[in-house]
Amino acid sequence: MKPRRNSKTLMSITHSKAKMYEYNVPEEYHLSLENNRPDELFSLTIGMLGDFCHDIINEIDTDLLEKREELKFVSDFFDTYLKTKLNENLNQYLLLIGSATFYLSNQQGSANVLIKEMIIDDLDLKSQDLEKVIYWILKSDYENSINVESSIYKVEIKNISDKFKIFFDTGIFDELFEDLDKFREKVYKIGSYREILFCDVIFALIKSKYNNSTWMNLPKYTDLDVDIWRTNILKSTFIKEFWPAQHLLGENEVFKGKSAVIQLPTSAGKTKSTELIIRSSFLSERANIAIIVAPFRALCNEIKHDLSFAFENEDIKVNEFTDVLQNDIDIDEFIEEDEKNIFISTPEKLYYLLKQFPHFSNKIGLLIYDEGHQFDSGTRGVIYELLVTSLKKVISSNTQVILISAVISNALNINDWLNSGDGIVVSGNTINTNRTIAFASWRTRLGQLKFINKNDIDKDLYFVPRVLSQQELTLFGRESSARFFPQKNNNGQVATYLAFNLINNGSVAVFVPRQISINTLCSDINDAYRRNLTLEKPITTSNSEEMIKLHYLYCKHLGAENEQTKAVNLGIVTHHGNLPDSIKLSVEHALQNSHAKVVFCTSTLAQGVNLPIKYLIVTGVYQGKEQIKVRDFHNLIGRSGRAGKYTEGSIIFADIDIYDKKTDRYQSWRWNNARDLLDSNNSEEIESNILDIFSVINIDENRIIAFDNVETLMALLNSDIQEIYDAFNDPYVRYEFSKKRNFLLSIENFLIENFDNTTISLDELVKLTLAYHVADDSKKELLIELFTAIKSNIETKIPEDNKRRIYSKTLFGIYENKVINDWLDENITDLIHTDNIEELESKIWRFLKSRIRNKSFRNINMPQYLDVIYANWINNQSYSFIFNKLTNLNIRMGSTQRARHLTVDHVSEICEKALSFEGTLILSSIIEFLNLYEEEYDISDLKTNLNLFQKKLKYGLNSQNAIIIYEMGFVDKFISLELSNLLGEEPVSFKRIKRSLKKNNNDVENILTRYPSYFMKVYRGL
């Protein structure tokens, strides 16, 4: 039995009916089902379920994978029929068999969602309590026995449930299948049709759970005796059953130490898979040290939290490096101790630390690159690629290397590069949640949603009418033109309207491609409510106490009058790159725990962080002049429909012109773009940004500059970027030159690091890069020429061995390092004899100000006020405080009258990206160069003071104790300051601060209760 064309049509009608309730369409406007009754599908779907159970019980493997895929039609029907409200008397029955069918079709997350909606005390399907057995199995509620005293099968049920419980408790399997055979034989003789179905479902579920159990799979997939795993399996937080993703890794010998490039879609179970890879490596003694490299600080933080929870109370340390580029951790302490360690780091920090402790790389037994598609993400991607290249040449051949990403279209090629052909590519369809795709359409007074076939965008499946309407808003003062919300031509307002109408069903993310648009969205909705908009506010379905705390945090950083802060009062949170980490982490925590229901976000929300979003509403797909990459878009839409939270996720395009103008000869480009984006087969290959060095720059319509020869590239490398800025006014041209030069500087720095390496030739070193691996023959030759020229340049400009060693430990190239070195030559005596700390910092600041190249930092038309921003930032002040000090000075971001006025976002960018990032990068080099003077001067005090200054600049804090508290995980300057006030002013150690906080527990909790609950979680996890 399988669904044919008519069945699929009836399924579309069922979906449409369910969606009308989901989208709050009044019942009088629902489609008529007089000639199309969804209940006609019950005979087909129940028959398919019964047939599948029969095959599982009898171990008939013929076409099993195909049948399991077809079974997803059945689980989808049961789930959807529930939502149609056509026969609510069937709800308990549909929840039960729907959950069972989800489980049998390898959608365990969705099975959990449905079973959680049931209450066993209310469960009575007149089936001799067999329904309770199914519930008990799916709920994995093995600690509680089943009350089946009134069942004619009570003896058999008790016998089977006892043995099943023993198996999951101990791994001992005692003739359970034989007992099931006897039980099934009895039910088939005396049972009703429903009892027969339920009996087969019980048998199939037990057999499937047996095959998925960790007791069976861990020994099989790791070649380790089950007794070695026993302590882990019995741990309450440890995985009890394998999902498809874990089976896939096991079948491909990843848990046996095989290196691999792994493509796992979002929600496939990556976190648990990573834990299993680490445990397998440690238990088999293949590794004592595991490194996880993640490209974003938020992702590092989430990995640290997940693994700390997983390895709690075990002799395994989980360590997350700070972002500050200094030696703030004693690597040798961990290397010398014979214990298991997990280190989590951004590429930049690990790259820096390996320069300081090169021997550390020899100790790495397991190396995991998370979000591995980031090799072509600009300068950060080049550093990531060069980090991998550095490790490739030094790590042991026995080191297991894993790269994980959601979308890698050229995985074979990446694996050949990463693992030199020895690894394996692991990829498979392990998506655990259904997803629907819809387009807003608004051709009449009331708009609708058009749902399309996700495998063929040009085929409509069904539509939901009357989901968009306008409300006239109140006018103020002398306003005369009517105002409406939403405006049809405003994608952001349409998205906001849809989001507010969906909040009762689950969390909603409104994606905007550009950060500036978030402020516009917040401003528009704040204004609409001032004008008496009557839409229900998200705050009504949010956790009001948590939203008050979030509002307090927004106020502290952005100010009460900021549009984003005001939006929090409505129940809206935001997530983008210019927010402080404390707000982003608090927002993520609020969404994960359903405290907040609506988030306005950029792509930062898709950077690996797991959030339970049901709806993703897309306002646009252009980030500036460029369309979002296909692979990034699929990474983004993978956030909708979190497995274990929802059975379905929805992606909605809010731009009505995409659908409504798809047949327009001149406007159909939008539809074509959407089609391309939704087809994952169009995902871009992972490339190397190093090869972008050779691309041309279009100066204007009539002039280009080619970079296909080494001479032009070396001239760019040896130039001062300011000279280029002076020569070109076009921001695009400046950006392209700056980008190429940054890539060249990264290569130069990499070659300085490897200059004295006699174990590998320059040609061999070039060939280790991804750039060489993916380049054509002409580019390969050019790469070798370029690397050779840069090495020759290094030999000429820094012939001294001691200076080269210093240069190699920074993240700058020769030009910038020489500027720093020359400045120190002129000022070292003055710096050493400057006893006043503030005066010392002021002298360093004047140099930093001359070298920082951040766009907003350089564009400010009154640069004298950068001193005000710096002074307030480093003295604990917020973005809003700094902005308010400058707000009446007519400061613009550019020299023309059309240039934008300074905003809080500009202040945020200057603080976070210019001072906190770029400034500390320069400071790191200054600190390294101090070593050149240690024979002539006592530099110890100066080094200590500059190390502290670097952290002050990084976090915007002037208290040493507050900095330590910040680095303990309280990543908010105001919380860190308040907690540090409990300790007094005298600097103390990490351990003493931790003890003191625990000792002053009541005072600490009184402070933290004013802030989002994320920080209480951090405190309790210390």
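Q: Why is Glu253 called partly exposed?
A: In this predicted model, Glu253 has a relative accessible area of 39%. Buried means under 20% and exposed means over 50%, with partly exposed in between, so 39% puts Glu253 in that middle class.

Q: Where does Glu253 lie, and what is its phi?
A: Look in the loop between helix H12 (244–251) and strand E1 (260–263). Phi of Glu253 is near 65 degrees, a positive value in a residue other than glycine. Most residues other than glycine have a negative phi.

Q: What makes Arg466 partly exposed?
A: Its relative accessible area is 31%. The partly exposed class runs between the 20% and 50% cut-offs, so Arg466 belongs there. Arg466 is placed in strand E10 (residues 456–468), and has a positive phi too, near 60 degrees.

Q: Why does Glu781 count as exposed?
A: Exposed means over 50% relative accessible area. Glu781 comes in at 53%, so the label fits.

Q: Which helix holds Glu781, and which residues form the negative surface patch?
A: Glu781 is in helix H32. The patch is made up of Glu711, Asp776, Asp777, Glu781 and Glu785. Helix H32 (residues 777–797) gives the largest share of the patch, with three residues.

Q: How do you know that the span of helix H23 agrees with what it should be?
A: Start with the count: H23 (residues 581–592) has twelve residues. The expected span is 1.5 Å times one less than the number of residues, which means 16 Å for this helix. The end C-alpha atoms of H23 are 16 Å apart, so the two values agree.

Q: Why is H23 called largely enclosed by the rest of the structure?
A: Because ten of its twelve residues are buried, which means each of those ten is under 20% relative accessible area. Among them are Ser582, Ile583, Lys584, Glu588, His589 and Leu591.

Q: What makes helix H9 largely enclosed?
A: Here 17 of the 20 residues are buried, so the rest of the structure largely encloses H9. The helix covers residues 193–212 and reaches 28 Å from its first C-alpha to its last, close to the 28 Å expected.

Q: What makes the peptide bond from Phe485 to Pro486 cis, and where is Pro486?
A: The bond is cis, with omega near -5 degrees. Most peptide bonds are trans. To find Pro486, go to the loop between strand E12 (484–485) and helix H19 (491–502).

Methods
Residues are numbered from 1 along each chain as its sequence is written. This is a predicted model: local features need pLDDT of at least 70, side-chain atom pairs count only at pLDDT 80 or more; totals for chains, interfaces and linings use all residues. Side-chain values use heavy atoms; hydrogens and water are left out. Patches are made of residues with over 30% relative accessible area and no salt bridge: like charges are joined within 9 Å, nonpolar side chains (Val, Leu, Ile, Met, Phe, Trp, Tyr) within 5 Å. Accessible areas come from the Shrake-Rupley method with a 1.4 Å probe; for residues, only the protein chains shown count as cover. A salt bridge is a side-chain nitrogen of Lys or Arg within 4 Å of a carboxyl oxygen of Asp or Glu. Lys and Arg count as positive and Asp and Glu as negative; His and the chain ends are not counted. The place of a charge is taken as NZ of Lys, CZ of Arg, CG of Asp or CD of Glu. Helices (H or I, at least four residues) and strands (E, at least two) are DSSP runs, numbered from the N terminus. Buried means under 20% relative accessible area, exposed over 50%, partly exposed in between (1.4 Å probe, protein chains only).
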